[in-house]
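Please examine the sequence and the model shown below. The paragraphs that follow consider how strands and helices are arranged.

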Amino acid sequence: KRLPQAIIIGVKKGGTRALLEFLRVHPDVRAVGAEPHFFDRNYERGLAWYRDLMPRTLEGQITMEKTPSYFVTKEAPARISSMSKGTKLIVVVRDPVTRAISDYTQTLSKKPDIPTFESLTFKNRTTGLIDTSWSAIQIGIYAKHLENWLLYFPIGQILFVSGERLISDPAGELGRVQDFLGLKRIITDKHFYFNKTKGFPCLKKAEGSSKPHCLGKTKGRTHPDIDQEVVQRLRDFYRPFNMKFYQMTGQDFGWD
């Protein structure tokens, strides 16, 4: 059992589960299924506890985990860096407005009596002041969170995966991920088929199985209809942060 050499650190509702499931098809990737939440909630349990959660690996295999809340956790970069400065980090990002709605949809499925998306979005609807303390909105200010990581890790050690391209071209995005991890490009087009009902790609064969595998029913939920004026307000709010994020990463994700 080894400490992870690569961690998917975010973002919530970006496509991290899909990425991890797709990556697990690779014979040189071994990953923890559940989210360990070590660097945010369980840090006081110590590295030995964390290491014990990891799968056994052979020489040359990469140990991975994913906990999407790390990206927005203030202490996580310093803690991961003190475990190993060489840890490779992967962030799956998607359009922050869609991400916020997806986040809300997930909460709604667990607590059907929460206020509307529109009322949670604004501190004050009349003035149009956005409530940035609401986590659904806070998480999507990627540039701000990234600044914190860059205090501890060089940008070249962080790979930014497009949640949109993970759906439209899974093999292409996985090519980039395999290169970044120093793996042979084993996962290709032939591993995927597009599921029309779900609206996203599924694996023809999952890890250790000969059956096709789609993500569970909690993935790809139908979003509620959101007032278009509110969506537009949010687009305007995120635009400058998105632009800054494109600059910082050297990638245009095409959200605007």
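Two strands are said to pair if DSSP finds at least two bridges between them. Strands (E, at least two residues) and helices (H or I, at least four) are DSSP runs, numbered from the N terminus. This is a predicted model, in which local features need pLDDT of at least 70, side-chain atom pairs count only at pLDDT 80 or more, and totals for chains, interfaces and linings use all residues. Residues are numbered from 1 along each chain as its sequence is written, and side-chain values use heavy atoms, with hydrogens and water left out.

Strand E2 is joined to strand E3 (residues 62-66) by 3 bridges, and the two run parallel. Within this pair, Val-29 is found opposite Ile-62 of E3.

The wider arrangement is an open sheet of 5 strands with parallel pairing, in the order E2-E3-E1-E4-E7. At its edges lie strand E2 (29-31) and strand E7 (158-162), each of which pairs on one side only. From one strand to the next, the twist averages 25 degrees.

Angles run from 0 to 180 degrees between N-to-C directions, and axes are lines fitted to C-alpha atoms, for helices over the stretch in contact. Contact means heavy atoms within 4.5 Å. Helix H9 (residues 170-180) packs on the sheet and touches strand E4 (88-93) and E7; the direction of H9 makes about 170 degrees with that of E7.

Two packed helices are described by the angle between their axes and the distance between the axes. For helix H4 (residues 96-110) and helix H10 (residues 228-249), the axes come within 9 Å and cross at roughly 125 degrees.
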